[in-house]
Amino acid sequence: MAAAAGLPVAVLAIVLLGAGADASDPLDGKAVGGLNLSAMPAAGRPYAPWYVKAAESVASECPQLAPALLAAQGYQESGFNPVAEGPPTQYGTAKGIAQFIDSTWSTWGRDEDGDGTALGAKDPEDAIMAQARYMCSMVKKASSSGYKGDPVQLALAGYNAGWGWVDFYRGVPPERFAKGQTYHYVRIITATAQKWSAAGEGQLSAEGWTKPVDGPLGTAYRESGASWASGYHTGIDFPVPVGTTVRAAGPGTVVKAGAGVSYGNEIIIEHDDGMYSQYAHLSTLSVSAGEVVRGGQAVGLSGDTGNVTGAHLHFEVRTGPAYGSDISPIPYLRKRGVTI
């Protein structure tokens with residue numbers, strides 16, 4: 001339930017539609033932007049492109065909000081029912097696929113699909129995009145809160161119960177709060193998102209792509225700061241210990257494997273679409289220039305070589321092999337079915 005920001009709102013128990021896979025559904029068995037459609041209920045598959053679009057719209061600020069996470073949240077909120085309504089409360093009535101109340105919708109709702117705003121929160125495409133923006137605002141709040149717990153789980157708790165209760169408990173409210181509804185809301189969505197992911201930790205997507213390392217996201221793309229010569233971060237970081245296996249994100253040919261000055265030991269791979277991926281600060285290199293690699297193939301071990309403040313993998317996607325041709329890695333990987 002998209003609660004009024006900062007307010008302790010009673011949790012609405014949603015009875016899900018429980019739509020199962022339909023063997024005649026043409027989308028069954030396919031992957032879209034990191035969503036395994038065959039694992040999703042048939043009722044949610046038509047909205048899959050919008051969950052992908054919503055995730056991409058906030059990827060630069062909140063790369064943790066994968067399409068599978070947003071879709072799992074939509075299912076838990078309404079069973080993908082775009083006209084669902086909850087019972088009236090003192091704060092308003094939750095409406096639509098993402099269960100916005102009017103006061104919260106007035107802040108986050110926009111006409112994203114260009115068909116007019118008469119439906120408001122009951123326009124599913126508009127609501128999915130608003131859901132991502134609202135969730136991203138709370139992920140950022142959670143990241144700076146200092147509270148114990150994963151920022152996405154804190155954001156889910158805030159979406160369900162109101163951020164005021166997250167402040168009160170300095171984390172996800174415990175199971176004793178609201179008869180466990182917020183506590184289990186977070187757990188169910190997290191578990192469902194993992195099931196609906198087309199490619200998880202170390203797994204290949206249908207297109208042969210994967211995360212370059214099993215680990216959490218750290219510094220985001222385009223984060224500004226004096227630490228970088230360009231004035232901004234040209235890739236994304238995965239804070240993992242020295243010696244963690246690093247894998248080729250996708251199939252291609254190694255064009256460089258060696259020292260890269262501030263990047264330390266680095267590998268650059270050219271992919272079939274003419275794009276390049278870079279893996280920096282490695283402790284060990286397992287491939288050589290000219291070698292053809294598979295997606296998911298181990299190419300080295302993470303480290304702390306070059307200009308670093310701690311061990312991590314720095315990962316870039318580039319339009320060319322050289323520094324300065326970077327693009328945002330998250331949307332690129334998600335279009336190849338990688339959940340990140």
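**Figure 1. Strand 5 and strand 6 form an antiparallel pair in the predicted model.** Strand 5 covers residues 252–259 and strand 6 covers residues 265–271, and seven bridges join the two. Within this pair, T253 of strand 5 has E270 of strand 6 as its bridge partner. The two strands make a hairpin with five residues between them. In that hairpin V261 takes a positive phi, near 55 degrees.

**Figure 2. Strand 5 also pairs with strand 9.** Strand 9 consists of residues 292–293, and its pairing with strand 5 is antiparallel, over two bridges. T253 stands opposite V292 of strand 9. T253 is thus shown here with V292, and in the preceding view with E270 of strand 6.

**Figure 3. Three strands make an open sheet in the order 4-10-8.** The pairing in this sheet is antiparallel. Strand 4 (245–247) and strand 8 (284–285) are the edge strands; each has a single partner strand, so one side of each lacks a neighbour in the sheet. Strand 10, residues 298–301, runs antiparallel to strand 8 and is joined to strand 8 by two bridges. L285 lies opposite G300 of strand 10.

**Figure 4. Helix 5 crosses helix 7 at roughly 130 degrees.** Helix 5 spans residues 151–161 and helix 7 spans residues 181–196; their axes come within 9 Å. Helix 5 is therefore oblique to helix 7, since the angle falls outside the ranges for roughly parallel, roughly antiparallel and roughly perpendicular. The crossing is right-handed. On the helix 5 side the contact is made by Q153, L156, A157, Y159, N160 and A161, and on the helix 7 side by Q181, T182, Y185, V186, I189 and T190. Sorted by class, this contact of helix 5 with helix 7 holds seven nonpolar residues, five polar residues and no charged residues.

**Figure 5. Helix 2 packs against helix 7 with the axes 8 Å apart.** The angle between helix 2 (residues 67–78) and helix 7 is about 130 degrees, which makes helix 2 oblique to helix 7. Helix 2 passes helix 7 in a right-handed crossing. From helix 2, the residues A68, L69, A71, A72, Q73, Y75, Q76 and E77 take part; from helix 7, Y185, I188, I189, T192, A193 and W196. Ten residues of the contact of helix 2 with helix 7 are nonpolar, three are polar and one is charged. Y185 and I189 of helix 7 meet helix 2, and Y185 and I189 also meet helix 5.

**Figure 6. Helix 2 and helix 4 pack at an angle of about 110 degrees.** Helix 4 comprises residues 124–143, and its axis is 11 Å from that of helix 2. Helix 2 is therefore roughly perpendicular to helix 4, a term that covers angles of 65 to 115 degrees. L69, L70, Q73 and G74 of helix 2 meet Q131, A132 and M135 of helix 4. Four of the residues in the contact of helix 2 with helix 4 are nonpolar, three are polar and none is charged. L69 and Q73 of helix 2 are in this contact and also in that with helix 7.

**Figure 7. Confidence of the prediction is shown along the chain.** The mean pLDDT is 86, and 88% of the residues reach 70 or more. Over residues 5–29 the pLDDT is below 50; in the model this stretch makes 60 contacts beyond near neighbours in sequence. Where pLDDT is low, predicted coordinates should not be read in detail.

Methods
Residues are numbered from 1 along each chain as its sequence is written. This is a predicted model: local features need pLDDT of at least 70, side-chain atom pairs count only at pLDDT 80 or more; totals for chains, interfaces and linings use all residues. Side-chain values use heavy atoms; hydrogens and water are left out. pLDDT is the predictor's confidence in each residue, from 0 to 100. Contact means heavy atoms within 4.5 Å. Two strands pair if DSSP finds at least two bridges between them. Helices (H or I, at least four residues) and strands (E, at least two) are DSSP runs, numbered from the N terminus. Axes are lines fitted to C-alpha atoms, for helices over the stretch in contact, and angles run from 0 to 180 degrees between N-to-C directions. Angles under 35 degrees count as roughly parallel, over 145 as roughly antiparallel, 65 to 115 as roughly perpendicular and the rest as oblique. A crossing is left-handed if the near helix is turned anticlockwise from the far one by less than a right angle, and right-handed if clockwise. Ala, Val, Leu, Ile, Met, Phe, Trp, Tyr, Cys and Pro count as nonpolar, Asp, Glu, Lys and Arg as charged, and the others, Gly among them, as polar.
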